[in-house]
Amino acid sequence: MKRRFAFSTAPAPDIVLACDRADLLARYRQRFELPPGTIYLDGNSLGALSTDARERLHRVACVEWGESLIESWNAHDWISAPERVGAKVARLIGARADEVLVCDSTSVNLFKLVRAALDLRPDRSVVLSEPGNFATDLYVIEGAIAGDASRTLRLEPRERVLDAIDGHTALVVLTHVHYKSAAMHDLRAITDRAHEHGALVLWDLSHSAGAVELDLDAAAADMAVGCGYKYLNGGPGAPAFLYLNRAHHATALSPLRGWMGHARPFAFVDHYEPAPGMRGGGRCHRATSSYGLGSRSWQWRPDAR
Ligand SMILES: Cc1ncc(COP(=O)(O)O)c(C=O)c1O
């Protein structure tokens with residue numbers, strides 16, 4: 001049973017304690033290591049350290065890296081971490097396992113997907129977003145269309161976004177849960193409207209993933225990104241995630257062509273040939289030890305429902 005509490009004034013202590021008792025996630029508190037007496041409300045910026053992550057970090061550094069050295073890429077399967085950890089994030093955002101990669105930063109993933117989306121809609125001029133969207137989203141769009149006179153960034157207030165989508169719209173880029181106000185866009189309605197007009201939608205889920213229910217596949221979402229270090233508790237420097245609907249796997253191509261996105265990365269040939277599916281569409285570099293950090297907590301959350 002889900003219960004919601006709303007207060008206009010500070011609640012009495014017995015109500016607060018009742019909320020704690022009713023909280024389905026309360027038992028997970030024991031799995032985080034906070035300094036005594038700390039009430040930590042900054043998980044929207046940097047999630048707290050979990051015991052699992054601390055143990056995993058120690059294992060990756062001291063056992064895997066320290067003892068297995070270069071063999072760890074295969075022995076401990078570091079090489080497939082973007083896909084393997086991506087499959088765990090997929091469960092949190094309502095995606096299929098092969099639609100999510102964990103790699104790079106949110107800003108870099110935004111850039112890759114904005115460019116890939118524009119290449120899928122070459123005859124359309126407008127990238128639509130809202131004023132006050134998280135700064136990096138707007139800056140990345142500006143950078144992605146810089147030098148391309150056929151494209152413009154149009155900013156419409158959130159209540160006008162739906163009506164602003166039309167036949168000129170190539171791509172809508174919105175942060176699902178707003179980083180300041182926590183206002184939530186209707187992901188399904190905006191995605192539906194975009195599709196009715198032949199446009200694509202790229203969702204920034206940095207403040208949604210791990211915090212609110214998401215079902216990207218049910219909404220037929222096109223693309224999404226999100227941070228690994230906020231509600232996913234991946235720790236400082238944790239890679240971000242990138243979602244690309246299967247419908248776009250055969251056609252979307254990352255503008256950043258790293259060797260790990262190549263169909264035969266170890267052939268070391270001189271020309272790029274994209275790997276089929278998600279790897280060619282999204283991946284450009286390989287894993288680091290930070291993949292280990294969040295990966296444990298990214299598999300608990302669905303059990304908490
Ligand atoms: C909504 C949103 N998008 C993107 C980012 C940028 O992430 P990064 O700096 O890791 O690329 C942030 C960072 O706080 C964010 O809150």
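Two residues are in contact if their C-beta atoms, placed from the backbone, lie within 7 Å. This is a predicted model: local features need pLDDT of at least 70, side-chain atom pairs count only at pLDDT 80 or more, and totals for chains, interfaces and linings use all residues. Numbering starts from 1 along each chain, as its sequence is written.

**View 1. Helices on the sheet.** Helix 6 (residues 135-145) lies across strand 2 (126-129), strand 3, strand 4 (169-175) and strand 5 (200-204). Helix 6 runs at about 175° to strand 2. Helix 8 (residues 187-196) packs on the sheet and touches strand 4 and strand 5. The direction of helix 8 makes about 155° with that of strand 5. Axes are lines fitted to C-alpha atoms, for helices over the stretch in contact; angles run from 0 to 180 degrees between N-to-C directions. Helices (H or I, at least four residues) and strands (E, at least two) are DSSP runs, numbered from the N terminus.

**View 2. The open sheet.** Its 7 strands follow the order 1-7-6-5-4-2-3, with mixed pairing (two strands pair if DSSP finds at least two bridges between them). Strand 1 (100-102) and strand 3 (152-155) are the edge strands, each pairing on one side only. Neighbouring strands are turned by 20° against each other on average, direction ignored.

**View 3. Strand 1 and its partner.** Strand 1 pairs with strand 7 (residues 241-244) in the antiparallel sense, over 3 bridges. Leu101 stands opposite Leu242 in strand 7.

**View 4. The ligand shell.** Residues around the ligand include Ser105, Phe134, Asp137, Tyr179, His207 and Cys227 (C-beta atom, placed from the backbone, within 6 Å of it). Helix 5 (106-120) and helix 6 each supply at least two residues of this shell.
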